[in-house]
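Me: I'm new to this one and would like a close look at a single part of it. Could you pick a strand, go through its surroundings, and then work outwards from there?

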Amino acid sequence: MPFSIHDLAQHSGVSLRLLELLSERLPTGSGRLFKTQSFRKKRGGLREIVTPGPGLDMVTKNLHRSFSTVLPYSPPDHVHGFVQRRSTLSNASAHLDKSCILRVDLEDFFPSINSEQLESALQSQGYDEKAASLAVSVVTIAGKLPIGLSTSPFLSNLVFEDTDRLLAQYAEAEGLTFTRYVDDLAFSGEVTDRHFTAIERILDDAGWSINASKTAYMRRGGPQYVTGLYVGAADRPRIPRATKRRMRWIAHIISKFGYDAYMADFGGENADMFPQRLMGWACYIAAVEPELGYPMLRAFHDQLPVQYNPHGDAWLAIMNDID
């Protein structure tokens, strides 16, 4: 049977009436139901991030769990963003030691997905018309998929499903390796301008826009980066040298002078390098290059203020295991 509005309400964790009320209030609910912040992009323009209030956050988290478990959609192997047990590392690993990598970035990926696309996608997955319409009214703001709601990542992959299939078929026919991490598409192999023209046509026909300023060919012998990791070596991706130098320097300063001195005298406060952020960087480095990251984790663990440790007893157990 089709997924109904009553099923939707049950999966959202609230009554149908409350879910309908939420959908009615969302268009004018900014300030209580959600807040929007604008951040300037590195290459110009603004990115709007939505922070949901407690009620909307609870409902969208419940709906995300429902979408992930109830819908038949399964991300294809080449999709690495917002997929369990896949990451920027698995995405980059597909493009090691290739003669050429073409990076294609999509323009305003989330906000370019509208209510009509989402309703169509949900109906194709078994939602009836009323359930799809009500669900979309709760997971969109101003008729667009927002950055910041728990439901947006899964739904972006769902809406892109047909385009994923077309791009994967084209790449396979041309002998290219293709991966996608959110709005970051990578094609590697003997890539030429002919391939880019065909890829651009596929995206344009499907209604997606390319961010031309981020399109790049990266050839063997020069810098080759996929989702922020160097892929010019044959064995595994690497952390960029500049990042490694910076993090080694931070670890050295903290080990020698202490965290407080680093923050006050060496620019850590200006860079917002609070303990959680330092630990996050060290964990990321450890995932990519363990021989570098784990000593860094130990150094930070020994020096950073305990009250800022976000990992609790589980973190201490892990650190003891890697000694």
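Reply: Before we start, one term: two residues are in contact when heavy atoms of theirs lie within 4.5 Å. Also keep in mind that this is a predicted model.

Let's take strand E3, which covers residues 100–105. Five of its six residues are buried, so E3 is largely enclosed by the rest of the structure. On one side you'll find strand E5 (residues 184–189), which runs antiparallel to E3 and is joined to it by six bridges. In that pairing, Val104 stands opposite Leu185 of E5. E3 has another partner too: strand E6 (residues 216–219), again in the antiparallel sense, this time over four bridges. Here Cys100 is the residue to look for, as it stands opposite Arg219 in E6.

Let's stay with Cys100 for a moment. Its relative accessible area is 3%, and being under 20% makes it buried. Compare that with Cys283, which counts as partly exposed because its relative accessibility is 29%. If you're wondering about disulfides, the structure holds zero of them.

Now for a residue that ties E3 to its surroundings: Phe187. Leaving aside residues up to four places away in sequence, Phe187 touches Cys100, Ile101, Leu102 and Val104. The list of its contacts also includes His95, Leu167, Ala171, Thr177, Phe178 and Ile199.

Phe187 belongs to something bigger as well. The largest nonpolar core has 59 residues, and Phe187 is among those with the most contacts inside it, along with Phe67, Leu122, Tyr127, Leu155, Leu167 and Leu203. Helix H6 (residues 129–139) gives the most to this core, with seven residues. There is also a second, separate core of 29 residues, and Met218, Met247, Ile250 and Tyr262 are included in it.

From Leu167, you can step over to helix H8, which spans residues 161–173. In H8, look for Asp162 and Arg165, which form a salt bridge with their closest N and O atoms 3.8 Å apart. These two are three residues apart in the helix, so about one helical turn separates them. Both are partly exposed: Asp162 has a relative accessible area of 49%, and Arg165 comes in at 42%.

That salt bridge is one of eleven in the structure. Another sits in helix H2 (residues 16–25), where Glu20 and Arg17 are three residues apart, about one turn of the helix. Their side chains meet at 3.9 Å, N to O. Glu20 counts as partly exposed at 27% relative accessibility, and so does Arg17 at 48%. Glu24 joins in here as well, since Arg17, Glu20 and Glu24 are linked in a network of salt bridges.

For one last example, go to helix H13 (residues 290–303), which holds both Arg298 and Asp302. These two are four residues apart, about one turn of the helix, and their side chains meet in a salt bridge at 3.1 Å, N to O.

To find your way back to where we began, return to Phe187, which touches Val104, and from Val104 look across to Leu185 in E5. You're then back at E3, the strand with five of six residues buried.

Notes: Residues numbered from 1 in each chain as written. Predicted model: local features only at pLDDT ≥ 70, side-chain atom pairs only at ≥ 80, totals over all residues. Heavy atoms only, no water. Buried < 20%, exposed > 50% of the residue type's maximum accessible area, 1.4 Å probe, protein only. Pairing = 2+ DSSP bridges. Disulfide = S-S within 2.5 Å. Salt bridge = Lys/Arg side-chain N within 4 Å of Asp/Glu carboxyl O. Core = buried A, V, L, I, M, F, W, Y, C linked by side-chain atoms within 4.5 Å.
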